[in-house]
Structures are given as C-alpha cells and as structure tokens.
Amino acid sequence: MTRLYAFPLLAVMGSLALASQDAFQSKCINFGDQIHIPNVNVNFVEFVQGGSNLSLVDNPPSCSGSNQAVSVDLCRVAMAVSTSNSSEITLEAWFPREYKGRFLSTGNGGISGCIQYHDLAYTAQLGFATVGANNGHNGTSGKPFYRKPEVVKDYAYRSVHTGVVIGKELTNQFYDEGFKKSYYLGCSTGGRQGWKSVQKYPNDFDGVVAGHPAINLINLFSWSARFYTITGSPTSDTFLSTDEWEIVHEEILRQCDTIDGAEDGIIEDPDLCHPVLETLTCDPSASKKTSCLTSAQVNTAQQVLSPLYGINGTLLYPRMQPGSEVLAAPIMYSGTPFAYSEDWYRYVVYNNPSWSGANFTLKDAAVALAQNPYNIQTWEGDLSPFKKSGGKILHYHGLQDQLISSDDSKMYYSHVSNTMKLPPNKLDEFYRFFQISGMGHCRGGDGAYGIGQGIDTYDGTNPEDNVLMAMVQWVEEGKAPETVRGAKFSNGPGSKVEYRRKHCRWPRRNVFQGPGNYTDENAWQCV
C-alpha cells in the first residue's frame, strides 16, 4: 500500500516545486515594472538559472570577464543610477531563490570601475540578496576621473552607499520578509570601501568583512609610485630581475622563516623579520656570481623594504612586509611606473594626462595628501558611531600581499586603538583584525590562504573556515571568531587541501610548538 501512494505524493510534490519555480520566475520577470525609485533607470531584469554560464556582454573588456558561472537560481536586476547631474553608477542586484534573509553589498578593486560579478555569484550562492556597482565609471583606467570631481566622489564613497540604499529598498520589495541583517564583503579597494562605510555611514551594515584594505589611500599611491624611482628601468644598475628578487626572497626566508619555530617557507609574523641583506653582496674575488647581488642591487632591495617618509620626515606609509618579494617583483618592481599611481596623479592630482610616474618626488606626495578629495584617505580613527550601532568588523590582511603592505593594516589598528583609547580586549568587542600568513593580495600565496573570502578561496560554509559566515555568526549569534582557519590548496581552489592553519587575531602571533609536523594545525598556538 505504501508504494501505491508514493507515486501520487511525489507527483504532487513535483507539481508544487514546479509551481514554486514558476512563481519565482514570474515574480522576477515582472519585478522591473514595480521599481519606481528616483534616479533609478532599470536596464533589464532577467531570471538566471542555476548551473548556467552567464554572458556579460556589457562588461568592459578591461574588466576581464565575458561570463560568470552562476550556481543557483536568481533574479538579476541591472540599473543605471544617477548620483549627480554629471555622474551615475551601474548597479546590479542579484536575488537568489534560496534566500536566507540577509542583504549584502560587494565592493570593487584597484581604481577600476568593474562590477565584481564573482562576488555577486559567491554571495548569492550563500543566500544573500546582494548588490554590486561599477564605482561610478567603466574599465580599469583612471581616465574617467579627468576633470570629473563627481566621478571621483562616486569612487571615494558614494557608489557603494548609493547601491546600499537602493539595494535595501529593492530587497524589501522583492522578498515579502525583507531582510533581517545587512553585510559587506570586499577586498583591496573593496576593503577600503568597507572601512569608508564604517567611518562615514555607521548604520549601513551590521557586519563588515574588509580584506587587505587600501586605506591610507593617497599615501598608498605615493608609496607605489616610489618603487620605480628606486629600481629604475630594467637597464639600470639598480634594477633586479624577477630571478634576482627570488634570490632576495630565499635569503629573507633563510634569516626569518624559522623565527616562528617551523621551517615551512612562510613568515608568520613579519614584525620579527628584519633581514640583513648585505649578506647577498657578491664577493669581488668570487668566480661564480649567480646567487648574489651587486651593492647597488642590495641597496635597492633595502630601500624597497623601507618605509616612505614625507618631506618633513613624517611617516606616510610603512615598509613592504618581507616575504612578498616573488609576488611583488613582476608588478611593483617591474621597471615601469605603477599604473594605478600614475593614473591617480595624472587624472586627479594634477589633471595632466602627460604627467609621468618617472618624475615622482616627495613633493608630489605632499601635494596629493593635501588634496585628499572627499577624504578618500579613509583613515578616521574614531569608530564610536559604528560601535554604538552594534556593528562588527572583521579585518584581515595576508602577509604576502604584493600590492598593499600588511603593515598598513597594523598601523591603522594602532591608530584606532590610540584614538578611541581602547586596548585590544575592548576593541575585540566589535573590531577584530587577523593576519593571514602565506596569503598574497586577497588570494593566492604560499600558505593557507583559503578563508572563504571569495568564490576562488572557498572551503565550505563552516564559520571557522569562512570569514563571511564567521561574521554572520558573530552578528546573529554573538559568537566572535577567535581565529580564522585557512586551507592550503595543493593546486588552487577546489583541489586537495594539503593542510589547514588557524590564523591569529592581532596582536597575537602564531608560534609552532609541536609536537608533530607544521602541517598539523593543532601544533600551532596564538601567543
């Protein structure tokens, strides 16, 4: 008898599921007609089926993404939103069928105007109603800033905040239950945007995950511009090839790798690493000079690993942390001016498209810092309004970051502590900072960098392994993360996990105490 009734029951369940699908798709397709928000023009609304490879025909070529894999059913809403009489943002909202009652905003990268579709796809698959904007311009060049202060204003803060305001309203319209909590996820420029929201709009988010933040932004541009003046072009006697930077890296590891107690090719705390690079100077009498450097090259490496001070001796930006040499060499020390810095000076600081990064001096750094449009520095130390709102922030930075020194994150943490007159145990109540050893800029690197900060570092939804879900747990259950657990992939995300490591919250550091191998996460301790 049981089997006789099973088939009609399954048929009914299938019909209900089909009806549910039809209802969601129908709601999505008709949703555009219901959007009546000032300054918002709906470009299109479409249902996207899970498992499809979404074609991004309007994505600017320099944003390097003609399609995006989408793993879950969702409703995609694309809009143009006026932010002033002379500026607008392109905004997308993705509403998943399997919605968890949470709203989220994504961020951007570099100086680019690229919607981060991979972050939209990632957060939608985790059940967030999620939005992403183009930062007020299209493509990866700074040219759209040229004599366009309103576009710079969008880049500084307005793009994200506008998307949040509209995104929340649309989420409340699309889902009967609205949203219960609001989150942010971003890295690099996205990390800075998260901090800008915390500082300027403390009620926008309940929880912010800000990685590798480009805070202290003006000085970051100057710091990046300075590298070319140190290395010179590839024909200069001060220049190091990528192979020669490999020699520097190996020597730094020789001197600093085992300070944490384990020889694993990873520096757990760069603060303890102050390499003496004169050891690399070639012996004039030696016949073979393949693993040493000239005195000029040694001086270059020393300068590269030194802080940037202004014309009056004030610290503008800390040193590049040791351990990032191999990743940084082809980008930061390539023998050409750093593009983002050059564009900022050309199109914002001087409004002179012919300005060359080869001419950068400390006077330029002073001019740029004095300008600081829309307080884009993002260096406010008083987070009291955000703390009072009940907001939480999880700040992380990889210690192999080749683009933004992790020392800057530590400098900001100290700035907040000093400004608010709070010790770490009090800051811990709402603000926790984690050093991620062996992680390059936002992803990649030699260590356990898979902390769930994006689709290409995903290792499950367990809050211990996923910084976004750790934030959700902190906000909704009051359980703050003690450590951030990372996965070391054998061959990139999705491949076998070689080992996992629990990364410590600042100001603690990771020490290998054994017994066993360094791949045993329990052999490490935060001290």
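Let me start with the two faces of strand E6, which in this predicted model are both covered: on one side Arg102, Leu104 and Thr106 are buried, and on the other side Phe103 and Ser105 are buried as well. That makes five of the five residues in E6, which runs from 102 to 106, and so the strand is largely enclosed by the rest of the structure.

What does E6 pair with? One partner is strand E7, residues 128–133, which runs parallel to E6 over four bridges, and there Phe103 stands opposite Ala129. Another partner is strand E8, residues 181–187, again in the parallel sense but over five bridges, with Thr106 placed opposite Leu185. Between E6 and E7 we also have helix H2, residues 117–125, and these three elements make a right-handed β-α-β unit.

Now to the cysteines, where the count comes to six disulfides, and I will go through some of them. As a reminder, a disulfide is a covalent bond between the sulfur atoms of two cysteines.

Cys63 is joined to Cys114 with an S to S distance of 2.0 Å, and the torsion about that S-S bond is about -85°, so this disulfide is left-handed. The two cysteines lie 51 residues apart, with Cys63 in the loop between strands E2 and E3 and Cys114 in the loop between E6 and H2, which brings us back to the strand I began with. Both Cys63 and Cys114 are buried.

E8 carries a cysteine too, because Cys187 in that strand is bonded to Cys442, with 2.1 Å from S to S. Cys442 sits in the loop between strand E13 and helix H14, 255 residues away from Cys187. The torsion here is -100°, and the link is left-handed; Cys187 and Cys442 are both buried.

For the pair Cys256 and Cys273, which also has an S to S distance of 2.1 Å, the torsion is about 80°, so this disulfide is right-handed. Cys256 belongs to helix H6, whereas Cys273 lies in the loop between H6 and helix H7, 17 residues apart. Cys256 is buried at a relative accessible area of 5%, and Cys273 counts as buried at 0%.

Finally, the chain as a whole. Its secondary structure comes to 14 helices and 17 strands, and 56% of its 527 residues are buried. A compact globule of 527 residues would have a radius of gyration near 24 Å, and the 24 Å computed for this chain agrees with that. The accessible surface comes to about 21400 Å², of which 50% belongs to carbon and sulfur atoms.

Note on methods
Residues numbered from 1 in each chain as written. Predicted model: local features only at pLDDT ≥ 70, side-chain atom pairs only at ≥ 80, totals over all residues. Heavy atoms only, no water. Buried < 20%, exposed > 50% of the residue type's maximum accessible area, 1.4 Å probe, protein only. Pairing = 2+ DSSP bridges. Right-handed = clockwise from strand over helix to strand, strands pointing away. Rg over C-alpha atoms; globule rule 2.2 N^0.38 Å. Areas by Shrake-Rupley, 256 points an atom, 1.4 Å probe, with all protein chains shown as cover. Disulfide = S-S within 2.5 Å.
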